[in-house]
Amino acid sequence: MRRHLSILMWLARSSLWKLLALFLLTAGAEAVWFFLALQNTPDTSLETLAGGGALALPCAVSFLLLSALLGRVGCDLGARQSYTLRRLAVTEKAVFTWQWIYNSGCFLLFWAFQLAVSFGLCAMYTAQAEPSLVSGQTVFLAFSRVALLHALLPLEETFLWFRNAFFVLALGAACAALPYRQRRRRLGWEIAAACTVALFGFPAGVGQWEGNGISLLLMVFLLLECCFCVYGREGELVNEGT
């Protein structure tokens, strides 16, 4: 058990502080962009402002950087990574499993972080916008009508909550599959496919069942493919021992 906990500690040391720095930079970029857009067009509605690039572009860039950062951990890019994995003396299946759990937790944090930042910026809008543009339902309507905001907080759409959970699991597995395949000199294509589906399929307006269903099926396929790649074949030891 101690060796398995060591995997989590190794993952945290490899990426945790970088993730926190990325989150802070993303929040700063979104806040500055949102504030400047509000100052330049003070008569713009919250739905128009939030539906533009002030939130979507920094979020997309941060998501791609997060995926790249998580996918890089464990790749055989130098002697230090290889030595660390050999010293842990656990199976490749165990390394993949814990990395999948850790990555999924990071994507879950990113979802919660992005939701908190978006809600905070919407609250800032209600405090600084023209009174004629603000009502008691302004923020609620924005989260109902803006595709990105609605995907972050689907409200009563249970299917979207379910879809988002699969997005988190599939992205975590895809980022864990990349180093697993790379250590075997194989192409880890799942991460590129999962990121593409997430970028284009995550924003979801109310009642967009067809698009959400397709993106969910694609993510389920990628998740199953990653699991088959690892658990469907005999895992090899990184070093002797279990």
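Okay, let's start in the middle of things: α2 (46–50), α5 (92–128) and α7 (147–152) are among the elements that cover the buried residues of α6. One thing to keep in mind as you look at it: this is a predicted model.

So who is being covered? In α6, which runs over residues 138–145, the buried ones are Thr138, Val139, Ala142, Phe143 and Ser144.

Now stay on α6 and look at Arg145. This one is exposed, because its relative accessible area is 55% and the cut-off is over 50%. Arg145 makes a salt bridge with Glu47, with the closest N and O atoms 3.0 Å apart. That pair ties together distant parts of the chain, since Glu47 sits in α2 and Arg145 in α6, 98 residues apart. Glu47 itself is partly exposed, at 28% relative accessibility.

How many salt bridges does the structure hold? Three. Let's go to the others.

Arg181 pairs with Glu190, the closest N and O atoms being 2.9 Å apart. Arg181 is at 9% relative accessibility, so it counts as buried, and Glu190 is buried too, at 0%. Arg181 also meets Glu225 in a salt bridge, at 3.1 Å from N to O. Here again distant parts of the chain are linked: Glu225 is in helix α10 and Arg181 in helix α8, 44 residues apart. Because they share partners, Arg181, Glu190 and Glu225 form one network.

Last stop, the surface. Trp33, Leu57, Val61 and Leu65 make a nonpolar patch of about 360 Å². Which helix gives the most to that patch? Helix α3, residues 53–72, with three residues. Leu65 lies in α3 and is partly exposed, at 48%.

Definitions and conventions
Residues are numbered from 1 along each chain as its sequence is written. This is a predicted model: local features need pLDDT of at least 70, side-chain atom pairs count only at pLDDT 80 or more; totals for chains, interfaces and linings use all residues. Side-chain values use heavy atoms; hydrogens and water are left out. Patches are made of residues with over 30% relative accessible area and no salt bridge: like charges are joined within 9 Å, nonpolar side chains (Val, Leu, Ile, Met, Phe, Trp, Tyr) within 5 Å. Accessible areas come from the Shrake-Rupley method with a 1.4 Å probe; for residues, only the protein chains shown count as cover. A salt bridge is a side-chain nitrogen of Lys or Arg within 4 Å of a carboxyl oxygen of Asp or Glu. Helices (H or I, at least four residues) and strands (E, at least two) are DSSP runs, numbered from the N terminus. Buried means under 20% relative accessible area, exposed over 50%, partly exposed in between (1.4 Å probe, protein chains only). Contact means heavy atoms within 4.5 Å.
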